[in-house]
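Here are my notes on the model you sent over. Have it open while you read, and skip around as you like.

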Amino acid sequence: MAAAAFRTGDMVKILSGDDKGAVISLDRKTNKVVVEGVNVRTKHVKPMKEGEQGRLLKREVAVHLSNVAPSDEPAPAEAAAPAAE
């Protein structure tokens, strides 16, 4: 479907806000995309072993492909590379 329009590392804009970020991963089966720094959720992780401490794990959660549009900004990898002359 439209999932072929994006690849890992492409810059995208979230349509329902001003958030932008690079694509971390795509799930073509469910048409979802994980965008860096967008839709971050906090998970409380309990200690598994004695003496270990619990922690808060922050990670990005997938967003449906229909809520994402390509951005005019260059991808982080392209911006860091010097221009070929």
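The points below go from the overall layout to the sheet, then to single residues and the core.

1. First, a caveat and the overview. This is a predicted model, so read everything here in that light. The protein chain has one helix and seven strands. Starting at the N terminus, the order of elements is β-β-β-β-β-β-β-α, so the helix comes after the strands.

2. Some whole-chain numbers. The protein chain has 85 residues, and 24% of them count as buried. About 6600 Å² is exposed, with carbon and sulfur atoms supplying 51% of that area. Taking contacts between residues at least 6 apart in sequence, 43% join residues at least 24 apart.

3. Now the sheet. Which order do the strands take? Five strands form an open sheet in the order 6-3-2-1-7, with antiparallel pairing. At the edges sit strand 6 (63-64) and strand 7 (68-70), and each of these pairs on one side only.

4. Strand 3 is a good place to look at the pairing. On one side, strand 3 (residues 32-35) is joined to strand 6 by two bridges, and the two run antiparallel. Here Lys 32 is opposite His 64, and Val 33 is opposite Val 63. Strand 3 also pairs with strand 2 (residues 20-27), again in the antiparallel sense, this time over four bridges. In that pairing, Ser 25 faces Val 34.

5. Have a look at the turn as well. Strands 2 and 3 make a hairpin with four residues between them, and Asn 31 in the turn has a positive phi of about 55°. Is Asn 31 buried or exposed? It counts as buried, because its relative accessibility is 17% and the cut-off for buried is under 20%. There is a long-range neighbour to check too: Ser 66 is 35 residues away from Asn 31 along the chain, yet their C-alpha atoms are separated by 8.3 Å.

6. Ser 71 is another polar residue to click on. You'll find Ser 71 in the loop between strand 7 and helix 1 (76-80). With a relative accessible area of 16%, Ser 71 is buried. Leaving out residues up to four places away in sequence, Ser 71 touches Met 11, Val 12, Lys 13 and Lys 20.

7. That contact list leads to Met 11, which lies in strand 1. Met 11 is buried as well, at 12% relative accessibility. Between Met 11 and Val 35 there are 8.7 Å in space, C-alpha to C-alpha, although they are 24 residues apart in sequence.

8. Which residues make up the largest nonpolar core? There are ten in all: Phe 6, Val 12, Ile 14, Val 23, Val 33, Val 35, Val 38, Val 63, Leu 65 and Val 68. Strand 1 (11-14) and strand 3 are the elements that give two or more residues to this core. Phe 6 is worth selecting: beyond residues up to four places away in sequence, Phe 6 touches Val 12, Leu 26, Arg 28, Leu 65, Val 68, Ala 69 and Pro 70.

9. Last, the annotation. An unreviewed UniProt entry puts "domain: Large ribosomal subunit protein uL24 C-terminal" on residues 38-72. Over that stretch the chain is 0% helix and 49% strand, and the end C-alpha atoms are 17 Å apart. Val 38, at the start of the annotated range, is one of the core residues.

Note on methods:
Residues numbered from 1 in each chain as written. Predicted model: local features only at pLDDT ≥ 70, side-chain atom pairs only at ≥ 80, totals over all residues. Heavy atoms only, no water. Pairing = 2+ DSSP bridges. Buried < 20%, exposed > 50% of the residue type's maximum accessible area, 1.4 Å probe, protein only. Contact = heavy atoms within 4.5 Å. Core = buried A, V, L, I, M, F, W, Y, C linked by side-chain atoms within 4.5 Å. UniProt positions renumbered as here; feature names shortened; annotations may be inferred. Areas by Shrake-Rupley, 256 points an atom, 1.4 Å probe, with all protein chains shown as cover.
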